[in-house]
Amino acid sequence: MKAAVVLFPGSNRERDMAVALERATGEPPAIVWHGDTTLPKVDLIVLPGGFSYGDYLRSGAIAARAPIMRSVVEAAERGVAVLGVCNGFQILTEAGLLPGVLLPNAHGKFACKNVALRVETSQTVFTGGYEAGQTISVPIAHHDGNYFADDETLARLEGEGRVAFRYVGGNPNGSIRDIAGIYNETKTVLGLMPHPEDATDPSQGGTDGLGLFTGLANALS
Amino acid sequence: MHITPKIVAEHGLKPDEYQRILRHLGREPNLVELGIFSVMWSEHCSYKSSRRHLRKLPTKAPWVIKGPGENAGVIDIGDGMAAIFKMESHNHPSFIEPYQGAATGVGGILRDVFTMGARPIANLNALRFGAPDHPKTRHLVSGVVAGIGGYGNCVGVPTVAGECSFHPAYNGNILVNAMTVGIAKADRIFYAAAAGIGNPVVYVGSKTGRDGIHGATMASAEFDDNSEDKRPTVQVGDPFTEKLLIEACLEIMAEDAVVAIQDMGAAGLTSSSCEMASKGGVGIELDLDRVPCRETGMTAYEIMLSESQERMLMVLRQGREHVADRIFKKWGLDVAVIGRITDSGRVVIKKDGRVEADLPVGPLADDAPQYDRPYVPTPPRKRLSPVDVPGRPIKDALLRLLGSPDIASKRWIWEQYDHLVRGDTVQRPGGDAAVVRIEGAKKALALTADCTPRYCEADPFAGSVQAVAEAYRNLSAVGARPLAITDCLNFGNPERPEIMGQFVGCVEGMALACAALSFPVVSGNVSLYNETNGQGVQPTPQVGAVGLVEDWTKTATIGFKTTGDVLYLVGETKGALGASLYLREILGREDGAPPDYDLAAEKRHGEFVRALIADGRISSCHDVSDGGLLVALAEMALAGGLGATIDPVWENATTFLPAHAFLFGEDQARYVLAVPAPFAAAAEAAAKARTGVPLKRIGTVGGRALTLGSLGAISLDDMRARHEGWLPDLMEKG
């Protein structure tokens, strides 16, 4: 699997992501500059976590309009897998690749801690490394992770099996229906708030996040 | 404009200090020059009250690459790598405007570290607030914590450790001390000394605005009832720009272009340019028309004294300006050549073709007045005998202590900090020390921040020894070899002899402990005038410490892990209850001398514990500090979700101790170890093989409670409710 990680001004988990991808695939990803207009030929595009453009205006809003995003959208439309984590998820919603929005956490504070997630389906390129219904423990670290969409959108997401992950045993940010991550219609674009990349090595206190990357590597190699 | 005594006073300069300026110049300064002198000679920048005492601190060891005097201290951590770190106060601005004050404190200390070529890998902080029920406390706690998080989270540096306590002495002056730790190649460290006559002086980062003018002067005077009027002197931080600045600076440092670099912190362009020139023994000429400004019509005075954030000054090799241009523009940052290095030994400031200031570098940077302020030592307090302190029911006392402000869990704070970004956090907040891996290697740094102000108030010398010793213990308890410390010395008004006496006592205590433990001070900061209407803070010589872990898989954590593990207490217990939390929280008394220190024992016990951890023979380890043995055991039980049965060892102690003295005494140089039963005999033999390492078997891990024989059992659930409940209740209820 060949992967590219897009670097925006203010991205700060690109290194965590690159390390996790290398752990799963043995190969470091390409790092792509936000101002570029073309992507290398890859199987997976990752928008990493951080505070692109300082979260100014709205988290993800400015990055969604960066020059590279036109190529990301085109690649996604061709079926290339796209993963957005945390700020990457926010950028995907702002770019229109995923429905809904990420509001500030209901409690109004930044939250960094491990949470339990239920993997809703194992039948996607992202989650082949897990069993459906499996609970995994991975960290969150965000201020704006409170997913919201209107009833019609939610009904469609649920009906089409596009809720990827749900918080279990406590919702850390007030997100509607405990949603932690969602897919696009073709389940080739995934956005999620938690950070599986920071749970890929025993030194990080757990390896529950590694399955996402090994699953991707298996599905896309 | 004629300089009147009123203008001199408004600049925080004393009449005799002004006379000193006149002598140096041989003429009257203009307003710009007076402003430059006032910030360079402020307490904050010149250390004029503290310098003669700071010289007493040990600053050398074979592993110290650079001690105090640069932006941060540098130590060798092997494999060609260096750790670079410093702690700094942002007390005055954080009281006036807690979010921005704390945020810019983090920004400033980050710059001190990446200025030297280091990639910041961890932040820590130490916070002191007033009484929990003081009307301002909640506002200050929530603002400071949000500010630290808002800045650190955005720049992508994990905030991994810290401490937080409360006392009415901080009602009018909170303390916000922030520390950054970075790593660099040991042969790629950058310093501030300017060199190379004719080399360009390059300004990078944010534009200069009118914010923060006279921040350094504000931090050099005590507060009164009108301190809130000083809000306009607090700067506004932009962590997004800082993040870009980190990346751009590290990128240009990888090229052969930078001669010297200095961040613009307190006193902004003034101190950065003067210090670079002074350290290099050269002159500097600046053309302020080229400084990128946020607003039009800024005067030379405003540009020189602005404390706008996220700015750096560099001296580049001639002809390498285009490298800076390329890199900083790529990151969307301002870059401008604003001057050059000269051989004149003078700082010359030009604007609109006029010379606005022309001052000799030497007097500004090195000939600030030095004061040998009179001081009176703090009178010693009575030592309390354990039997002088009444006992209260143990179970109730433990629960009250666990829910008391200084012991209660600070989870509400550290969950607002991203403590995981960069993916190298091995031990998270909540233990004795954080452990952060060095870029995926086996090697890791252990980090802690420690001070017990109530001990320092009782006895500045002994309290300061204890602060260093506790840092040494916290590093040892995770299995790290203690290497060096940074300090942040927070005191009241040094013009009062009793405050100066506290300062001198603390510096001398720190000097003794650092020397005895081979734990040198490599960087630091002094914050005086933490005082409002004559009421000073408790003396707070904050220690931030760094230790080295050779292999992160051989570290210890505090949580109990396995039923049947044998519990040991390392060190002697005499029941020291003077100035203890038991005395304060249970009996409402703050009297008595603090616990005795024994630095030789600290060293022996620390070495013993580290050797056991390195051998992989223990399950968990925790130092014994606030609240004594029983609180330490409770913290281990809560962290592991597993209880313990404690033997009534106090009943057969060689000298009689009441249970409450044994269980809540804060005797120093102690640790609790949980050892797998098969290794118990080996651990006992290892202690016997060393002389002077008392090891007492005190119980066994297991169950859902701390069971204390005839004293009863205290359930994990009850303990957790108190320990985790206090801070959220304070902040979010009522």
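**Exercise 1. Two positive phi values**

Work out where C86(A) lies and whether C86(A) is buried or exposed.

Solution. Start with the place: C86(A) sits in the loop between β4 (81-85) and α3 (87-94) of chain A. Those labels are DSSP runs numbered from the N terminus, with helices being H or I of at least four residues and strands E of at least two. A word on the input: this is a predicted model, where local features need pLDDT of at least 70, side-chain atom pairs count only at pLDDT 80 or more, and totals for chains, interfaces and linings use all residues. Residues are numbered from 1 along each chain as its sequence is written, while chains are lettered from A and ligands numbered from 1 in the order in which they are written.

Next, burial. C86(A) has 29 other C-beta atoms within 10 Å, so C86(A) is buried. The cut-offs are 20 or more other C-beta atoms within 10 Å for buried, 12 or fewer for exposed, and partly exposed in between, with C-beta atoms placed from the backbone.

Last, the backbone: phi of C86(A) is positive, about 60 degrees, although C86(A) is not a glycine. Most residues other than glycine have a negative phi.

Now do the same for L57(A): where is it found, and is it buried or exposed?

Solution. L57(A) is in the loop between β3 (44-47) and α2 (68-78) of chain A. Its phi is also positive, near 75 degrees, in a residue other than glycine. The count for L57(A) is 11 other C-beta atoms within 10 Å, which means exposed.

**Exercise 2. The sheet of chain A**

Write down the strand order of the open sheet in chain A that has 9 strands, then pick out its edges.

Solution. The order is β2-β1-β3-β4-β11-β10-β9-β6-β7, with mixed pairing. To count as a pair, two strands need at least two DSSP bridges between them. The edges are β2 (30-33) and β7 of chain A; each has a single partner strand, so one side of each lacks a neighbour in the sheet. The twist from one strand to the next averages 25 degrees.

Zoom in on β7(A). It runs antiparallel to β6(A), and 8 bridges join the two. One detail to check on screen: R118(A) has T135(A) in β7(A) as its bridge partner.

**Exercise 3. Where chain A touches chain B**

Which elements of chain A give two or more residues to the side that touches chain B?

Solution. First get the contact set: 22 residues of chain A are in contact with 24 residues of chain B, contact being C-beta atoms, placed from the backbone, within 7 Å. Then sort by element: α1 (14-25), β6 (111-119) and β7 (135-142) of chain A each give two or more residues. By class, that side of chain A has 9 nonpolar, 6 polar and 7 charged residues. Here Ala, Val, Leu, Ile, Met, Phe, Trp, Tyr, Cys and Pro are nonpolar, Asp, Glu, Lys and Arg charged, and the others, Gly among them, polar.

**Exercise 4. A helix pair in chain B**

At what angle do α15 (394-402) and α22 (628-640) of chain B pack?

Solution. The angle is about 65 degrees, with the axes 10 Å apart. Axes are lines fitted to C-alpha atoms, for helices over the stretch in contact, and angles run from 0 to 180 degrees between N-to-C directions. That makes α15(B) roughly perpendicular to α22(B); the bins are under 35 degrees for roughly parallel, over 145 for roughly antiparallel, 65 to 115 for roughly perpendicular, and oblique for the rest.

Now the residues: L398(B), L401(B) and L402(B) of α15(B) meet L630(B), V631(B) and A634(B) of α22(B). That splits into 6 nonpolar, no polar and no charged.

**Exercise 5. A covered strand**

How many residues of β6 (175-185) of chain B are buried?

Solution. The count is 10 of its 11 residues, so β6(B) is mostly covered. Look at its partners next. β3 (81-89) of chain B joins β6(B) through 9 bridges, antiparallel, with I84(B) partnered by G182(B). β4 (119-129) of chain B also pairs antiparallel with β6(B), over 9 bridges, and R119(B) stands opposite I183(B).

Technical notes:
Contact = placed C-beta atoms within 7 Å.
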